[in-house]
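Student: I have a model open that I don't know yet. Can we go through it together?
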Amino acid sequence: MIKKVAVIKGDGIGPEIVTEAMKVLDKVAEKFGHRFDYTQLLMGGASIDANGVPLTEETIEACKASDAVLMGSIGGDTNTSPWYKLPADKRPEAGLLGIRKALGLFANLRPCLLYPQLSGACPLKEEIAAKGFDMLIMRELTGGLYFGARKTEEVDGVTTATDTLVYSEKEIRRIAVKAFEVAMKRRKKVTSVDKANVLDSSRLWRKVVNEVAKDYPEVTLEHMLVDNSAMQLVKDPAQFDVMVTENMFGDILSDEASMITGSIGMLPSASMNETKFGLYEPSGGSAPDIAGQDKANPIATILSAAMMLRYSFDLTDEADAVEAAVVKVLDQGYRTGDIMSEGCTKVGCAEMGSLIAANI
Ligand code: NAD
């Protein structure tokens, strides 16, 4: 199989961690007889330096002409970098919002997996951490409370602010379909999170999700209220497989879920549109404090590349091989600084990438 991959290395640790993910992809290509053709593109701070803007039409068009986008992270030190003296719409993060919009990426996928080898970093009670968990939060990214009309006005002499939470049937249906499709590639369970006891938008959400579920008889569907979901995440995270939810609920729950794994350097993510196209990137930022020092953990980016193989290219065995290689390297006791513990062997970013590639 030949696939075109747009590569945005980005800023800070971005170039280091993406280089390691490409090392692993190249090993997958060699081992399984594929070819990945990379197009390197600029975005964020690197694009500001080269082009004066965080995102160019050229980058957007090249991404659209590719089968998927692999990205590091963008941005610099917000206190010291000159990029943050620019107006908000010219800063590195504006590129991120711009590219999501230009590519129609409405579904954000964040797997949260607690590796038994790293359970010491999990802030949950030992008996809960010991059970482990492996879930994926799918957050709607382009609608809901963050995109509805808002205003602040004087009402009877009192300053009053209003935000609106709007969802159309079409927007709910497309994210629900995505959630069931992803569940079919996992343990075939969907938990749809809403606040249907209060909100009309949630009642529509629940109705549409129930309709979509009829096309996926193999998938078990449950509905859960958002307040209960927040509690269940810390009480019994092992019960979840795919959790699908509205933009703001997903924003909050995905941060809660990532915290209980205890390690930002291990968490991949993807943003997808209605087709198999997606943008794959680590959940963390550009970590300017450790950039250029070979200290970054490349695993989140390597696991993001595995998601690309699974969800954009339907290369299940290859994705399994990358994830298994990560587990093997952890089992062998190798750790980057952020996940280091007593008795393990500390390695840098490049060595971690090489070890994972060698285990494929
Ligand atoms: P950050 O995630 O970059 O760093 C937070 C802490 O986590 C730091 O101590 C950092 O060293 C550590 N860390 C993060 N990733 C790591 C990795 N792979 N290996 C080891 N340690 C890691 O968050 P921040 O400091 O708030 O933000 C720094 C910059 O990143 C800002 O400019 C911010 O806007 C940007 N950012 C970008 C994205 C993105 O590209 N999607 C996301 C979040 C933040």
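Student: Which ligand atom does the side chain of Glu-281 lie close to, and at what distance?
Tutor: A polar side-chain atom of Glu-281 is 3.3 Å from a nitrogen atom of the ligand. A polar contact here is a pair of N or O atoms within 3.5 Å; within protein, one must be able to donate a hydrogen and the other to accept it, and residues adjacent in sequence count only if both atoms are side-chain atoms. Note that this is a predicted model, where local features need pLDDT of at least 70, side-chain atom pairs count only at pLDDT 80 or more, and totals for chains, interfaces and linings use all residues. Residues are numbered from 1 along each chain as its sequence is written, and side-chain values use heavy atoms, with hydrogens and water left out.

Student: What about ligand oxygen and the backbone of Ser-286 or Ala-287?
Tutor: A polar backbone atom of Ser-286 is 3.0 Å from an oxygen atom of the ligand. For a polar backbone atom of Ala-287, the distance to a ligand oxygen atom is 2.8 Å.

Student: Which residues come nearest to the ligand?
Tutor: Gly-76, Glu-93, Gly-285, Ala-287 and Asn-297, out of 22 residues around the ligand. A residue counts as near if one of its heavy atoms lies within 4 Å of the molecule.

Student: Where is Ala-287 in the chain?
Tutor: Ala-287 is in the loop between β12 (278-282) and α10 (299-312). Helices (H or I, at least four residues) and strands (E, at least two) are DSSP runs, numbered from the N terminus. Phi of Ala-287 is near 40°, a positive value in a residue other than glycine. Most residues other than glycine have a negative phi.

Student: What is the phi of Asp-314?
Tutor: About 55°, so positive, although Asp-314 is not a glycine. Asp-314 sits in the loop between α10 and α11.

Student: Switching to helices. How do α1 and α10 cross?
Tutor: Their axes come within 8 Å and cross at roughly 45°. Axes are lines fitted to C-alpha atoms, for helices over the stretch in contact, and angles run from 0 to 180 degrees between N-to-C directions. The two helices are therefore oblique to each other; angles under 35 degrees count as roughly parallel, over 145 as roughly antiparallel, 65 to 115 as roughly perpendicular and the rest as oblique.

Student: Which residues of α1 and α10 meet?
Tutor: Ile-17, Val-18, Glu-20, Ala-21, Val-24, Leu-25 and Val-28 in α1 meet Thr-301, Ile-302, Ala-305, Met-308 and Leu-309 in α10. Contact means heavy atoms within 4.5 Å.

Student: And how do α1 and α11 pack?
Tutor: Helix α1 (residues 14-32) and helix α11 (residues 316-331) have axes 11 Å apart, at an angle of about 130°. That makes α1 oblique to α11. The contact is made by Val-24, Val-28 and Phe-32 of α1, with Asp-317, Glu-318, Ala-321 and Val-322 on the α11 side.

Student: One more pair. At what angle do α6 and α7 cross?
Tutor: Roughly 50°, and the axes of α6 (residues 169-184) and α7 (residues 200-213) come within 9 Å. That makes α6 oblique to α7. Residues in the contact include Ile-172 and Phe-180 of α6 and Leu-204 and Trp-205 of α7.
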